[in-house]
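This briefing addresses strand pairing, cysteine chemistry and one lysine environment. Please consult the sequence and structure shown here alongside the points that follow.

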Amino acid sequence: MNEKLKVGILGGTGMVGQRFISLLEDHPWFEVTTIAASPRSAGKTYEEAVGGRWKMDTPMPEKVKNIVVMNVNEVEQVAAQVDFVFSAVDMTKDEIKKIEEEYAKTETPVVSNNSAHRWTEDVPMVIPEVNDDHLDVISFQKKRLGTTRGFIAVKPNCSIQSYAPAIAAWREFEPYEIVVTTYQAISGAGKTFQDWPEMAGNVIPYIGGEEEKSEKEPLRVLGKVENGVIKPAESPLITCQCVRVPVLNGHTAAVFIKFRKKVTKEQLIEKLTAYKGLPQELELPSAPKQFIQYMEEDNRPQVALDVDFEKGMGISIGRLREDTVYDWKFIGLSHNTVRGAAGGGVLCAELLKAKGYITKK
């Protein structure tokens, strides 16, 4: 690409906004030219607005330090600067719905990390390797919004990334009942141990709203576009518990699964390791070459060793074995702020660009 697309980050001072900025530092297609945040940050340079709250392991990119933060509520002014935006705003669900639609109506595509539009029937919620066909619903959404290039696309909750890809890889064996427990990192709450010292050595058996998302969102990802809306799949039935654990990055899932069809361990592993989607075929910049790896060791995957597989964009599965009550059980691991948040959003934007939905204004 000769000229990079101009990108705005809505909510750029928060943890996910920071992750977007760090991932886009040397992106071959996209360049962060605009950062918008709350009115209290507006008018400051990005470096001043973030202050001592930079939470990434890598330093703040030099290119963004002197960008003057805009007021995210000044939609027309922000939209005029960019070709599309990533949304990571920290607002109420109703406020997020409203502001994301306002940006879309300025003919600015919105790729959102937020949950507000995940159940809007004509908004695609995409794991790019699994359901790229859901992007077809965008044409119906544009009719509703009255736009020609503006729309909203979202990525699913970070908690489902560690097991939903395995379910997708195994669909031909007809999984019908699944029990999941997720062990979720504190960065999923936008925190570090410095912010949340009481999490050190602690486990909290509740994360607000997370269990419903973990049970329902995989069904939407596995659904179909029908009559201009996304109809969630009716199966498998999923029940979930979500636990906060003293880990910085990486959501682990313990999963029990029943299949209607008889299947061997070898068949299950082969389907995992061979599974790929359009991002791999198109060789998109952020796409992992190996989407899902299977680990044979009894003590893998581990957060400390495996969370950064494929730069945090790959999924690690291990401990697949027969169960005495269910058919099979396994452990999954994904990076919650890379694959599960900003990285998944960037890959979604790359797919949207490759399919012609995001272009220069």
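Strand S7 (residues 175–184) and strand S11 (residues 251–259) run antiparallel and are joined by eight bridges. The model is predicted, and the structure holds zero disulfides.

**Strand pairing**

- Within the antiparallel pairing of S7 with S11, Val180 stands opposite Val255 of S11.
- S7 also pairs with strand S10 (residues 237–244), here in the parallel sense and over eight bridges.
- Glu177 has Leu237 as its bridge partner in S10.

**Cysteines**

- Why is Cys158 not bonded to Cys242? The sulfur of Cys242 is the closest cysteine sulfur to that of Cys158, but the two are 9.2 Å apart and therefore too far for a bond.
- Cys348 is likewise in no disulfide, and the nearest cysteine sulfur, that of Cys158, is 16 Å away.
- A disulfide requires the sulfur atoms to lie within 2.5 Å.
- Cys158 is buried, with a relative accessible area of 12%.
- Cys348 also counts as buried, because its relative accessibility is 1%, and the cut-off for buried is under 20%.

**Environment of Lys65**

- Lys65 is found in helix H3, which covers residues 62–65.
- Is Lys65 buried or exposed? Lys65 counts as buried, because its relative accessibility is 18%.
- Leaving aside neighbours within four places in sequence, Lys65 is in contact with Thr45, Tyr46, Glu47 and Met60.

Terms used
Residues numbered from 1 in each chain as written. Predicted model: local features only at pLDDT ≥ 70, side-chain atom pairs only at ≥ 80, totals over all residues. Heavy atoms only, no water. Helix = DSSP H or I, 4+ residues; strand = E, 2+ residues; numbered from the N terminus. Buried < 20%, exposed > 50% of the residue type's maximum accessible area, 1.4 Å probe, protein only. Contact = heavy atoms within 4.5 Å. Pairing = 2+ DSSP bridges.
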